[in-house]
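Dear colleague,

Please find below the sequence and structure that I am handing over to you. My notes on selected features follow directly after them.

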Amino acid sequence: MGHRTCLRGNYVASETIGFVDHQSCWTGMRIEGKFESDFKEIPDFDSAIQKLVTNELDIAVIPAQLVHGNHMRLLSDGLSVSGALNQNRPFHVVVSSDRLSHLPRSALVISDSRIVRRQLRRFRKDLRVLSPVAWAGICDLDQIPSDKCEWMEEMRRDGTIDAYTIPRDVYDRRGLKARRFALWPEPKEPGGSFFLPPIHSDLPLVITRSGYPKTKLRGNIGDEGAAAWHIMSELFSAESEAFTSSVGILVKYRSVSSLLQQAEATRDLTLEQACRDSEGEILQDGTKLLVRIEHVSSDGSRTFRMDRLIEPENIHSSSVTMDREWRSLLSTLSQPQPDHPRWGPGNPAFFEGQ
């Protein structure tokens, strides 16, 4: 493999770059054209970290899903997240013969993403949406076939299941010819459904040793990707994967005027409210960082969603404030409400048992 690279005009000699692939982000596909060099594919997260520590690698590009929960390990090993690539297509697609709304009643859909399964149940309550593990148990399989995608596609072709979902990049990587329908993160019509992407989806992080000159990475990392990682880390770094897997999140740069037009066209009151300040006045137009987060109950019947517009230069303080709001509201919604002398009997928690 080569050991020299040109980082968009900044020539760097004797650089070694490794990448790790994962179903949440096919990193090898994402870095093509970013780093003009040959790369080493590293089998897993642990190996990549070890090679960075022993100076066998200068840069490791690793999916954010694998870095989640390992912040202290990176710190203790003298490593840091130096940047991220922008998310291109973090959404999933449904592979089926027809659109979700046109599938027969009680159609069987397999999805490996917890938040996508919950969003599908929200979209159509009659759908039978199962994880591959649950379906394998019903079929009395001791274990899921190693090639999960091929297994689901074979079942779809022979009519055992009606549809399944996979990340868009996985669909392209496998070269599937079957029809697919995108689960768009924004509604396409007034009152339309939307599917916020799973957290950490399609987000490659650039890991280096602490002190690595970030100027060498200029032009290769993206501001939007770095912002997405910063917000996800601030809000969910201490959360278990069991919880984060039930969260959908979208982080994009948008102008206030375009968001107002979208809110009006789609009749989205939550988005429209995010475009106003605490006094109810429309925010001054300009480029903001739109953050949309939602937590969905297991049966898809209840959703807690938060939309916020952040000034890019105030991302840290805004993330801290949003974290406090999110935790306070979610904690309240997860607790039963006691009896009140004026308001009457109490109610069970909005997210009871979620």
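In this predicted model, helix 11 spans residues 256-266, and V256, L259, Q262, A263 and T266 are its buried residues. These five cover an arc of only 120 degrees around the axis, which means that they lie on the same side of helix 11. Q261 and E264, on the other side of helix 11, are exposed.

What do the buried residues of helix 11 pack against? Their partners are one helix and three strands: helix 12 (269-274), strand 13 (247-255), strand 14 (287-296) and strand 15 (303-310). Just after helix 11 comes R267, whose phi is positive, at about 55 degrees.

A second site that I should like to bring to your attention is S131. This residue is placed in the loop between strand 9 (128-130) and helix 6 (132-138). Is S131 buried or exposed? Its relative accessible area is 15%, and because residues under 20% count as buried, S131 is classed as buried. A polar atom of the S131 side chain lies 3.1 Å from the backbone nitrogen of A134. When neighbours within four places in sequence are left aside, the residues in contact with S131 are I110, S111 and R117.

I turn now to the pockets. The largest pocket holds about 710 Å³ of space. Its lining comprises 29 residues, and H22, Q23, S24, D112 and S113 are those nearest the centre. Which elements give two or more residues to the lining of the largest pocket? They are helix 5 (114-123), helix 7 (148-157), helix 8 (168-174), helix 10 (241-244) and strand 10 (163-167). By class, the lining of the largest pocket consists of 10 nonpolar, 11 polar and 8 charged residues.

The second largest pocket has a volume of about 390 Å³. It is lined by 14 residues, of which R99, F123, A182, W184 and F195 are the closest to its centre. The lining of the second largest pocket divides into 7 nonpolar, 3 polar and 4 charged residues.

When you view the structure, you may wish to begin with helix 11, where the buried residues share one side and Q261 and E264 are exposed on the other. The surroundings of S131 could follow, including its contacts with I110, S111 and R117. The two pockets could then be examined from the residues at their centres, with H22 and D112 among those nearest the centre of the largest pocket, and F123 and W184 among those closest to the centre of the second largest.

With kind regards

Methods: Residues numbered from 1 in each chain as written. Predicted model: local features only at pLDDT ≥ 70, side-chain atom pairs only at ≥ 80, totals over all residues. Heavy atoms only, no water. Buried < 20%, exposed > 50% of the residue type's maximum accessible area, 1.4 Å probe, protein only. Helix = DSSP H or I, 4+ residues; strand = E, 2+ residues; numbered from the N terminus. Arc of directions from axis to C-beta. Contact = heavy atoms within 4.5 Å. Polar contact = N/O pair within 3.5 Å; in protein donor to acceptor, adjacent residues only side chain to side chain. 1 Å grid on protein atoms, 1.4 Å probe; cavity = no way out; pocket = protein on both sides within 12 Å on 5 of 7 lines; lining within 4 Å. Points joined across faces, edges and corners; volume = space filled by probe spheres on them. Nonpolar A, V, L, I, M, F, W, Y, C, P; charged D, E, K, R; others polar.
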